[in-house]
Amino acid sequence: MSDIIRRDPRAERIARNRLHPLHATVQRSETSWMGPNGIIRKNPHAVGFIGPNGTKRIDRSGAQQGGTAKRSTQAAAVQLPLHTVAAPSFYIVVVPDLVGGRLTTHDRDLLGLAHKLAGHQGAVLAVVFGEHKESSFDTAGVDRLLHLDGALYSGYAPEQQVQALTAIERQFRPRHWLLPDSRTGGGELGRRLAAQLGERPATRVWQVTDEHCIGRAGAGQQDLQRPLARVILAASECAEPVSESRHEALAVSLDTEVARCLPRIEDLGAVAVDPAATPMAEAEFILSGGNGVRDWDLFHRTAVALGATEGASRVAVDDGHMARNRQVGATGTWVTARVYLAVGISGAIQHLQGIGACDKVVAVNLDAGCDMIKRADLSVIGDSAAILAALIERMAAHRAGGNRDAA
Amino acid sequence: MQPKPLNVLCLVSIGAHPTSGRARRAEQDARAVELGLRLAGEQVQVLHAGNAEEEALRAYLGMGLSELSVLQQPDGADALPVLFDYLKDSGAQLVLTGSQAETGEGSGMLPYLLAEQLGWPLVVGLAEVEKVENGVAQVLQALPRGQRRRLQVRLPFLASVDNAAPVARQSAFGPARRGTLWTDEVHVLDDDLLSNASFQPARPRPKRLKVIKAKTGAERMKAATAKAAGGGGQVLKDVSAQEGAEAIFKLLLEEGVIR
């Protein structure tokens with residue numbers, strides 16, 4: 001149902017004509033009635049109607065009928081048309097990075113490029129290793145989804161992943177392999193795969209036309225134009241992401257078990273790095289303080305306890321609580337953190353611009369109506385000092401003995 | 001007893017200055033040489049496949065090397081087979097390269113192909129070699145966002161370094177003049193890349209336009225004036241500090257930022 005207000009001229013005509021047999025039905029009832037003592041009672045609040053701009057209107061011409069019934073204006077969720085490939089004549093395989101278990105914008109661009117190459121005949125097959133948290137594979141443009149889970153693929157196991165990809169190569173015979181040319185894994189995996197398959201990949205590709213692909217060469221001073229390669233490592237923004245269709249995301253599986261390869265590189269786990277030493281622009285987890293922070297000593301202790309890089313709003317920097325190079329926002333650093341914990345920051349537009357690229361924003365604030373709360377994925381309304389202290393305690397409990405008091 | 005130093009070999013190429021395009025030592029290869037010098041001192045071997053006449057090669061000698069071997073090849077020749085032949089019986093335990101060349105195709109495939117042909121493991125983005133014991137090396141790998149990962153790998157292995165490796169020392173003019181370039185004539189194989197591909201000056205990439213797919217004027221107005229809104233965020237009101245902290249902690253744990 002559309003939101004356009006429509007008039008009903010017939011009903012208006014009947015309402016104006018007091019002699020019309022249907023006149024009573026189109027009149028608002030309940031505005032006046034006979035009381036128990038025989039006195040006419042009137043309800044002045046029921047008179048009139050709410051106009052289109054929200055103010056009350058009283059129309060004494062007798063034509064009053066429109067706008068009284070509140071229209072239900074919940075926007076129906078737009079159902080995008082479903083793109084189905086019943087029997088794909090070929091496959092385009094995409095191996096997304098899934099940083100933090102979710103599709104990145106780079107991955108979405110790549111899926112868009114895959115659809116450009118697949119057209120209506122082919123299917124886009126996405127290969128996902130390990131756990132993921134993504135729920136929108138269908139709108140991102142995945143026709144078939146191959147999920148390889150298990151202990152083999154947890155942690156850093158590029159050789160095992162290449163083994164699985166060669167099994168996919170044997171089973172699906174994909175026309176193209178598309179991987180993101182990123183430092184977060186795709187660039188490495190794609191090159192390992194290309195070396196294994198004996199294919200010459202097109203790297204840092206930023207434009208794909210029907211026959212050719214163009215990629216950056218050397219140190220970025222030259223472009224290399226070549227015929228479309230089978231293995232394509234594409235740069236970000238190589239194509240428009242899929243936005244106008246829904247896809248099946250049907251789960252497929254491998255016919256044969258992937259051979260277990262003896263890992264020659266053993267992963268001993270992540271190393272604790274000094275969060276203060278990581279540049280703000282590329283820190284993964286930022287604890288940022290603003291005007292609402294009173295106890296800066298507690299704030300610094302929280303940052304140490306959480307292992308977060310410290311940031312600050314402009315006010316906190318101007319007041320001298322934090323160094324200028326820690327300022328987040330339009331005049332400071334534009335951060336790209338995956339998780340941004342804002343304590344006592346109300347969210348000036350310049351600050352919100354600076355955190356535009358952040359994935360998850362958590363706000364701790366006293367004012368429930370501030371702009372940061374509107375931006376945040378999780379907001380806690382309350383005193384920042386008490387919450388930070390509780391957070392330090394919770395972290396200490398976590399460090400001491402796992403999740404024994406997890407609520 | 002002084003432990004026997006590691007037999008380290010660095011593969012170097014000729015770079016191009018990002019602005020002027022003038023030949024220079026390649027940034028990442030110089031970092032690889034720096035890492036090699038820290039690991040093996042003067043004993044580090046440095047190898048280049050290409051033109052021995054190039055003056056920029058001497059910049060590597062200026063980092064404190066006494067000699068540099070060159071496998072003499074014309075431009076556009078395939079460096080992979082000659083490097084493979086050389087490495088096969090060089091006795092190197094650790095081969096260091098940059099991530100990608102600054103001239104030519106610069107696909108960054110060379111370390112991968114060499115590792116594949118030699119059958120050695122490859123460590124991508126080596127930041128530091130912590131220790132080498134009983135033929136097993138414990139190394140730190142550089143990850144995006146300044147993170148590090150500890151890996152254990154058996155010798156011999158190949159490693160590529162990127163910008164997370166230690167910054168290369170300055171090149172001094174005197175040692176650069178005094179160092180010797182040993183030239184080997186090798187069999188030349190042409191690279192078939194340029195038979196069907198062509199180089200062009202880099203075009204600036206088109207800026208992505210913000211496409212607004214609004215059907216009505218009201219929607220367009222809304223899209224133009226909308227504030228950055230996540231919408232649908234969870235708001236916890238009137239909860240104790242402990243409950244609030246617990247909720248935050250749960251989210252941080254889910255996102256995997258707490259270790």
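Let's start with what covers the buried residues of helix α7 of chain B: the cover includes pieces of chain A, among them strands β17 (285–289), β19 (339–343), β20 (360–365) and β21 (378–381), and helices α7 (296–306) and α11 (384–401). Keep in mind, please, that we are looking at a predicted model.

Which residues of α7(B) are buried? They are A241(B), G244(B), A245(B), E246(B), I248(B), F249(B), L251(B), L252(B) and E255(B). The helix itself runs over residues 241–255 of chain B, and its 15 residues should span 21 Å at 1.5 Å a residue; the end C-alpha atoms are indeed 21 Å apart, so the two values agree. Right after α7(B) comes G256(B), with a positive phi near 75°.

Now let's visit a helix in chain A. Helix α5 of chain A covers residues 158–172, and its 15 residues reach 21 Å from first C-alpha to last, close to the 21 Å expected at 1.5 Å a residue. Why can we call α5(A) largely enclosed by the rest of the structure? Because 12 of its 15 residues are buried. Those buried residues include P158(A), V162(A), L165(A), I168(A) and F172(A), and also E159(A), Q160(A), Q161(A) and E169(A). Just after α5(A), R173(A) has a positive phi of about 45°.

Let's zoom in on single residues. T203(A) sits in strand β10 of chain A, residues 202–208. Is T203(A) buried or exposed? Its relative accessibility is 3%, so T203(A) counts as buried. Beyond its neighbours within four places in sequence, T203(A) is in contact with D181(A), R191(A), G215(A), R216(A), R226(A) and L233(A) in chain A, and with G106(B) and S107(B) in chain B.

Over in chain B, have a look at Y86(B), which belongs to helix α3, residues 79–88. Y86(B) is partly exposed, because its relative accessible area is 22%. Leaving out residues up to four places away in sequence, Y86(B) touches L9(B), Q45(B), L47(B), S69(B), L71(B) and D184(B). Here is something fun to find on screen: Y86(B) and V186(B) are 100 residues apart along the chain, and their C-alpha atoms are separated by 9.9 Å.

What about cysteines? The count of disulfides over all chains is 0. Take C238(A): the closest cysteine sulfur to its own is in C213(A), 11 Å away, so the pair is too far apart for a bond. C238(A) counts as buried, because its relative accessibility is 7%.

Let's step back to the whole chains. Chain A is divided into domain 1 (9–57), domain 2 (83–252) and domain 3 (280–401). The centres of domains 2 and 3 of chain A, taken over C-alpha atoms, are 35 Å apart.

UniProt, in an unreviewed entry, lists "domain: Electron transfer flavoprotein alpha/beta-subunit N-terminal" for residues 92–258 of chain A. That span is 27% helix and 29% strand, and its end C-alpha atoms lie 20 Å apart. In chain B, the UniProt annotation "domain: Electron transfer flavoprotein alpha/beta-subunit N-terminal", again from an unreviewed entry, covers residues 14–191. Residues 14–191 of chain B are 24% helix and 33% strand, with end C-alpha atoms 18 Å apart.

Finally, a word on confidence. Chain A has a mean pLDDT of 87, and 93% of its residues reach 70 or more. Where does pLDDT stay under 50 in chain A? That happens over residues 66–73, for which the model has 10 contacts beyond four places in sequence.

Methods
Residues are numbered from 1 along each chain as its sequence is written. Chains are lettered from A and ligands numbered from 1 in the order in which they are written. This is a predicted model: local features need pLDDT of at least 70, side-chain atom pairs count only at pLDDT 80 or more; totals for chains, interfaces and linings use all residues. Side-chain values use heavy atoms; hydrogens and water are left out. UniProt positions are given in the numbering used here, feature names are shortened, and annotations may be inferred rather than shown by experiment. Helices (H or I, at least four residues) and strands (E, at least two) are DSSP runs, numbered from the N terminus. pLDDT is the predictor's confidence in each residue, from 0 to 100. Contact means heavy atoms within 4.5 Å. A disulfide is a pair of cysteine sulfur atoms within 2.5 Å. Buried means under 20% relative accessible area, exposed over 50%, partly exposed in between (1.4 Å probe, protein chains only). Domain bounds come from an automatic or database domain assignment. The expected span of a helix is 1.5 Å times one less than its number of residues.
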